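Trainee: I've got a model open and I'd like to learn how to read it. Can we go through it feature by feature?

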Amino acid sequence: MLPFKLIYSDGYYLPIGAHVFPAEKYRRIRDSLMRSGVADGKDFLQPEPATDQDILLVHTPQYVRKLKTGTLSPREEMELEVPFSAELVKAFWLAAGGSILAAQQALTDRVSVNIGGGFHHAFPDHGEGFCMIHDVAVAIRGLQHDGKIRTAMTVDCDVHQGNGTAAIFAGTRAPRDPLPSASGSPSAMDGVRRKDAQAGDVFTISLHQHNNYPAVKPPSSIDVDLPDGIGDDDYLAWLDNALSSGLRQFEPDLLCYLAGADPYRDDQLGGLSLTIEGLKRRDELVFRVARSGDIPVMVTYAGGYAKNVEDTVTIHCNTVIAAKEVFSTKN
Ligand SMILES: [Zn+2]
């Protein structure tokens, strides 16, 4: 039995037909974890869908109404890049409920993995890039609303920049406690953009391929714009650097890790060159940093479009194995 919970529902399946997004990956990950003995039935919790009130903590009433009544404009549907249906709306409400549950579980168990979610391209008033509802933002705002956390940090390792995340948390209120001054920050890193001193209650880190979707990248707290084709060692060095820098500037009550599988070298929508082993080392690094800083960490899966779907499933399963290895050890 795992020392933490996995959040999963068959309802995570996205009814989008033949699509580059492998909608069946969630069930395949669950099956693979069970088959390999990494997890058993007792390790899984089934989420409830988020309530409309939860969703409205992030999304505008106009957008939510359009989704519930099926009245997106053709242009809005096109931007979503997945075919709209009432069933699809249900799947996204459920994914958001799963991320809320994962965040709650992380606060008691130190870590929790939503075998879904990570829809980081959703904005308050529209969806895009396969993302209708920003489940991670809904979870953060929900826990803040309930007084369970004050601050959070997103660590987005999907190959695509977290534009929705950056936009949603761009205007957040300043924390009550002053942050360390810029003079305490590390020396300038090439390729890294930092938002000016104005920090909110959610600190956003995105590591992504610069020459990739989205064309317009609203500033995160830390953006690491990676060049095409970089491999494991370079990537891990950048990640280590970004995490250290972020945690020098900000003390999160919760870390939200978006463990995208698409920095993989055989990904159809990515242009980096990480190996399956490198991606597991990436997960271990995030978990070790969270554990040593005593920061609860909730995980969502985000993208993954390997030519061979089995590779995407392996990468996502390895995230659970990495969490097990890091959080099972005594020291
Ligand atoms: Zn992606």
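Trainee: Where does Pro-214 lie?

Mentor: Pro-214 is in the loop between β6 (202-209) and β7 (222-226). Keep in mind as we go that this is a predicted model.

Trainee: What is the peptide bond from Tyr-213 to Pro-214 like, cis or trans?

Mentor: Start with the general idea: most peptide bonds are trans, and most residues other than glycine have a negative phi. Here the bond from Tyr-213 to Pro-214 is cis, with omega near -5°.

Trainee: And the phi part? Which residue should I look at in the loop between α4 (74-80) and α5?

Mentor: Try Glu-81, which lies in that loop. Glu-81 isn't a glycine, yet its phi is positive, about 65°. With a relative accessibility of 42%, Glu-81 counts as partly exposed.

Trainee: Is Ala-302 buried or exposed?

Mentor: Ala-302 is buried, at 4% relative accessibility. You'll find Ala-302 in the loop between β9 (297-300) and α10 (309-328). Ala-302 has a positive phi too, about 55°, although it is not a glycine.

Trainee: Now helices. How many Å should the 24 residues of α5 span?

Mentor: The idea is to count 1.5 Å a residue and compare the result with the ends of the helix. For α5 the expected span is 34 Å, and its end C-alpha atoms are 34 Å apart, so the two agree. Just after α5, Arg-110 takes a positive phi of about 80°.

Trainee: How many of the 24 residues of α5 are buried?

Mentor: 17 of them are, so α5 is largely enclosed by the rest of the structure.

Trainee: How do I read the largest nonpolar core? Which residues touch the most other members?

Mentor: Look for the residues that touch the most other members of the core. Among the 108 residues here, those are Leu-6, Met-132, Ile-133, Tyr-257, Phe-287 and Val-320. Helix α5 (residues 86-109) gives this core its largest share, 13 residues.

Trainee: What is Phe-287 in contact with, leaving aside its neighbours within four places in sequence?

Mentor: Its contacts include Val-111, Tyr-257, Val-297 and Val-299. Thr-319, Ala-322, Ala-323, Val-326 and Phe-327 are on that list as well.

Trainee: Let's try a polar residue. Where is the place of Asn-114?

Mentor: Asn-114 sits in strand β3 (residues 111-114). Asn-114 is buried, with a relative accessible area of 0%. For a buried polar side chain, check what it pairs with: the side chain of Asn-114 makes a polar contact with the side chain of Tyr-12, at 2.6 Å.

Trainee: Which other residues is Asn-114 in contact with?

Mentor: Skipping neighbours within four places in sequence, they include Ile-7, Ala-95, Gly-98, Ser-99 and Ala-102, along with Val-299, Thr-300 and Tyr-301. For a sense of the fold, the C-alpha atoms of Asn-114 and Ala-96 are 9.7 Å apart, with their positions 18 residues apart along the chain.

Trainee: Last one, the metal. What are the protein donors of the zinc ion?

Mentor: Begin with the atoms, then look at the angles. Asp-158 gives two OD entries, His-160 gives ND1 and Asp-262 gives OD, at 1.9 to 2.7 Å from the zinc ion. In sequence these donor residues are spaced D-x1-H-x101-D. The angles among the 4 donor atoms run from 54 to 152°, and the site is irregular.

Trainee: Are Asp-158 and His-160 buried or exposed?

Mentor: Asp-158 counts as buried at 1% relative accessibility, and His-160 is buried at 6%.

Conventions:
Residues numbered from 1 in each chain as written. Predicted model: local features only at pLDDT ≥ 70, side-chain atom pairs only at ≥ 80, totals over all residues. Heavy atoms only, no water. Donors = N, O, S within 2.8 Å, 3.2 Å for Na, K, Ca; no water. Tetrahedral: all angles 85-135°; square planar, octahedral: opposite > 155°, others 65-115°. Buried < 20%, exposed > 50% of the residue type's maximum accessible area, 1.4 Å probe, protein only. Core = buried A, V, L, I, M, F, W, Y, C linked by side-chain atoms within 4.5 Å. Helix = DSSP H or I, 4+ residues; strand = E, 2+ residues; numbered from the N terminus. Contact = heavy atoms within 4.5 Å. Expected span 1.5 Å × (residues − 1). Polar contact = N/O pair within 3.5 Å; in protein donor to acceptor, adjacent residues only side chain to side chain.
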